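Hi,

I am passing on the structure we talked about, so please have it open while you read. My notes on what turned up follow just below.

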Amino acid sequence: MNFHILTLFPDMVMGGLGTSITGRAMESKTISVEAIDIRDYSKDKHRHVDDAPYGGGAGMVMQPGPVCEAYEALCGRIGRKPRLIYMTPQGRVFNQTIAEELAKEEDLVFLCGHYEGIDERALELIATDYLSVGDYVLTGGELPAMVMIDCISRLVPGVLNNDASAEEESFHDSLLEYPQYTRPEVFRGMEVPEVLLSGHHKNIEEWRRQQSIKRTLERRPDLLEHAALTMKEVKYLDSLRREKGDLEILEELIDQYVKSLNDEASAGRTKRKAMAAAKKLLAEKTCTVGELQGYFKVMGMLAGG
């Protein structure tokens with residue numbers, strides 16, 4: 001797969017992408033990345049590519065000529081007109097689904113704007129996609145382009161040493177990735193989950209799947225709407241939601257108990273310690289969440305009375 005970046009700062013993008021996994025993929029020619037300096041297509045002897053905006057306003061605008069000519073020269077060189085993605089906060093927010101779509105292309109062009117943006121006429125002529133990395137403004141399009149290229153390149157066969165890795169990571173199948181562990185087996189009193197040491201591959205796979213569902217519910221519940229779950233997994237998710245609701249009630253009772261102690265200086269620390277202790281007891285199955293709710297309800301009443 002070939003990535004072409006139209007930019008004012010070629011050293012910036014090549015320096016960032018020329019290391020780690022993308023760097024090794026470039027060395028092995030699994031992917032190719034080239035940075036095309038838009039200034040090379042300037043007609044100005046000082047290589048200027050920007051000018052003041054018509055109608056007034058702050059900042060400068062990149063001129064359409066150098067941008068279009070840089071793209072057209074690339075098209076002439078490779079013999080086709082590839083998709084050109086303009087980095088802009090006005091575009092669709094980039095995600096894994098879009099990455100999978102773009103990974104099917106043979107060539108992709110990323111146009112990096114600067115200053116107050118690029119003359120609209122250039123975009124109307126050459127841009128096929130408008131993409132963003134989030135609802136915030138950056139100095140230029142180079143960092144978003146590097147983020148997208150890193151993400152897309154991981155989906156190209158041969159880029160990762162283990163191609164299965166791309167299928168098991170966060171956002172695959174609309175679920176976040178399960179927790180990972182390595183040596184030592186015990187670190188500061190914290191042990192690796194026993195199932196991962198069992199060697200029972202079916203149990204490990206089931207545990208990882210459940211952990212992915214649990215982590216997604218905790219951190220990105222919005223993704224679950226599109227997750228492909230079996231009936232067994234749907235029941236597991238329902239049980240997690242009930243448990244989450246019970247924990248929220250428990251947290252409220254702990255909060256009320258801490259407030260009843262009338263010790264504002266240590267209230268935050270006391271609440272965190274109480275919640276951590278409660279979760280530990282639940283994990284060890286020493287008691288039920290209902291029993292803990294009852295305990296803190298009574299303690300709150302006693303402290304307040």
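A good place to begin is the UniProt record: an unreviewed entry there puts the feature "binding site" at Gly113, Val133, Gly134, Asp135, Tyr136, Val137 and Leu138. Please keep in mind that this is a predicted model.

I looked at two of those positions in some detail. Gly113 sits in the loop that runs between strand 6 (107-111) and helix 5 (120-126). Its relative accessibility is 8%, and because the limit for buried is under 20%, Gly113 counts as buried. Beyond its neighbours within four places in sequence, Gly113 is in contact with Met62, Tyr86, Ile118, Gly140, Gly141 and Glu142.

Leu138 belongs to another loop, the one between strand 7 (129-132) and helix 6 (142-153). Is Leu138 buried or exposed? Neither label fits: with a relative accessible area of 38%, Leu138 is partly exposed. Setting aside neighbours within four places in sequence, Leu138 has contacts with Val133, Leu143 and Pro144.

Leu138 also takes part in a nonpolar patch on the surface, together with Phe9, Met12, Tyr136 and Leu143. The accessible area of these residues together is about 450 Å². Tyr136 and Leu138 from this patch are also among the "binding site" positions in the UniProt entry.

As for the overall layout, the domain assignment gives domain 1 (2-162), domain 2 (167-229) and domain 3 (242-304). Between the C-alpha centres of domain 2 and domain 3 there are 27 Å.

Happy to talk it through whenever suits you.

Best wishes

Notes. Residues numbered from 1 in each chain as written. Predicted model: local features only at pLDDT ≥ 70, side-chain atom pairs only at ≥ 80, totals over all residues. Heavy atoms only, no water. Domains from an automatic or database assignment. UniProt positions renumbered as here; feature names shortened; annotations may be inferred. Helix = DSSP H or I, 4+ residues; strand = E, 2+ residues; numbered from the N terminus. Buried < 20%, exposed > 50% of the residue type's maximum accessible area, 1.4 Å probe, protein only. Contact = heavy atoms within 4.5 Å. Patch = residues over 30% accessible without salt bridge, like charges linked within 9 Å, V, L, I, M, F, W, Y side chains within 5 Å. Areas by Shrake-Rupley, 256 points an atom, 1.4 Å probe, with all protein chains shown as cover. Salt bridge = Lys/Arg side-chain N within 4 Å of Asp/Glu carboxyl O.
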